[in-house]
Amino acid sequence: MLVEVKAPSPGESVSEIEIAQLLVKNGDFVEKSQIIAELDSDKATLELYSEASGVIQFSVSEGDTINVGDVVCTIDSTAQPSHSVEKNIAEVKPQIVEQPSVVSPAIPSVPSPYRPPTTSSVGPSQISPSHPPISHTNTVQIPSPAAKKILSEKGISPSQVSGTGKNGRITKEDAIKAVPSMGTTPQGVERSITRKKLGSLRRKISQRLVEVKNQTAMLTTFNEVDMQAIFELRTKHKESFLEKHGVKLGFMSFFTKAVVTGLKEFPDVNSMIDDNYKVTYDFYDISIAVSGPRGLLVPVVRNAELLSFAQIEQEIVRLATKARDGQLTIDEMTGGTFTITNGGIFGSMLSTPIINPPQSAILGMHNIISRPVVSNNEIVIKPMMYLAVSYDHRLIDGKESVGFLVKVKESLENPVALLMDGNEHQALGL
């Protein structure tokens, strides 16, 4: 009996899925519920499971884009495993097909994007001054309108591209495959180029980032915060907090609380533009940017204003773990009224974060460095962090953006009074 395995739907708004990786080969014997492929959508990565035990035959290849509900493979449930498979059936694991780390640059079907310059064998003295210069019309390559636009965007001259169209015309496909010249390769040096199609999630991220740069009036304001008070609180309570709640007392709960405090005082920062309307929210769904295996994901901590320090830390750990394992759902990444991103974990000293649309602002955290600062007219060493808020100036004026960031700074520098109502033990649930 042939069992069809179809592409599942990752969410209501998603109609297409890309085959990211096939984890078994055609003709392999697979077990029921074994992971056989990874699928990419523009919102999440899904794992595809075998619906029966038997011999598998794929009807798609890696990199293919298919519709939700299309058949990915069939499984012959009447087929029996080979002797070698039966011998190891007790420890069946998904067979991962390793991909070569470098793609061979010699691809016969791809025309060379380079065209060496031609030199005429006729010297200047051999050309009659009464005749115009010789024109080599047979070497002129005229790009199609679409190809001309693509080459212009890439900064590539048509003379550098070999056309495969009629009479050497440069086609759109030629322009897409063309790459800028990298100069003359040194003698005796072997160099290769890897060309890999972007996954659908990465393409969607790229599209959204370009859109927000083009469609918003984005500005960034900066400040710095003294992290000494938070350092002392974490050192003082980290062991009892971990023992009581099962998670570490990190920085994100303090920053989430400080952001909510600032948003309450400056509601425009918690607003969005919808055509000719301003939409302001009376709740605080805070998006937390986390790095997943296939790119940056932004799960949402819902109603952060109602959560305790421990609940925020537990929710962030839960979402970050699902992001790392590629198991975030569409709902967990939908919405959000404000975003926090922490480039400091990668060593970033200062940056201008890009707004997460359709939101109107984002807070960027950076690394903490001990450096000399002036405190009470004395130079002292303190752990300092730069903060950055990027905002849409169409909706948020400088007064609101600067005021919001100052409020966040004040809350972080005096957390017991401004974030814990004067009772740190009660606030931390100890």
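These legends go with several close-up views of a predicted model.

Local features need pLDDT of at least 70 here and side-chain atom pairs count only at pLDDT 80 or more, while totals for chains, interfaces and linings use all residues of this predicted model. Residues are numbered from 1 along each chain as its sequence is written, and side-chain values use heavy atoms, with hydrogens and water left out.

**View 1. Helix α6 packs against helix α7.** Here residues 252-265 make up α6 and residues 309-324 make up α7; helices (H or I, at least four residues) and strands (E, at least two) are DSSP runs, numbered from the N terminus. The two pack at an angle of about 115°, and their axes are 9 Å apart. Axes are lines fitted to C-alpha atoms, for helices over the stretch in contact, with angles running from 0 to 180 degrees between N-to-C directions. That makes α6 and α7 roughly perpendicular to each other (65 to 115 degrees; under 35 is roughly parallel, over 145 roughly antiparallel, and the rest oblique). Their crossing is right-handed, meaning that the near helix is turned clockwise from the far one by less than a right angle, whereas anticlockwise would be left-handed. On the α6 side you'll find Met 252, Ser 253, Phe 254, Thr 256 and Lys 257, meeting Phe 309, Ile 312, Glu 313 and Ile 316 of α7; contact means heavy atoms within 4.5 Å. By class, the α6 and α7 contact has 5 nonpolar, 2 polar and 2 charged residues. Ala, Val, Leu, Ile, Met, Phe, Trp, Tyr, Cys and Pro count as nonpolar, Asp, Glu, Lys and Arg as charged, and the others, Gly among them, as polar.

**View 2. Helix α6 also packs against helix α8.** With α8 (residues 398-413), the angle is about 140° and the axes are 8 Å apart. So α6 and α8 are oblique to each other, and this crossing is right-handed too. From α6 come Phe 254, Phe 255, Ala 258, Val 259, Thr 261, Gly 262, Leu 263 and Glu 265, touching Phe 404, Lys 407, Val 408, Ser 411 and Leu 412 of α8. That contact splits into 8 nonpolar, 3 polar and 2 charged residues.

**View 3. The largest pocket has 35 lining residues.** It holds about 880 Å³ of space. On a 1 Å grid over the protein atoms alone, a pocket is an open set of points where a 1.4 Å probe fits, with protein on both sides within 12 Å along at least five of seven lines, and lining residues have an atom within 4 Å of a point. Nearest the pocket's centre lie Ile 205, Arg 208, Leu 296, Val 298 and Asn 356. Helix α4 (200-215) gives the most to the lining, with 6 residues, and β14 (295-297), β16 (338-342) and β17 (361-365) each supply at least two. The lining has 16 nonpolar, 14 polar and 5 charged residues.

**View 4. Some backbone oddities sit in loops.** Most residues other than glycine have a negative phi, and most peptide bonds are trans. Pro 357 to Pro 358 is a cis peptide bond, with omega near 5°, and Pro 358 is in the loop between β16 and β17. Ser 33, in the loop between β3 and β4, has a positive phi of about 75°. Asn 303, between β15 and α7, has phi near 45°.

**View 5. His 245 of helix α5 has partners far off in sequence.** His 245 and Leu 430 are 185 residues apart in sequence, yet 9.1 Å apart in space, C-alpha to C-alpha. Neighbours within four places aside, His 245 contacts Ala 310, Gln 314, Leu 428, Gly 429 and Leu 430.

Notes. Grid points are joined across faces, edges and corners, and a volume is the space filled by probe spheres set on the points.
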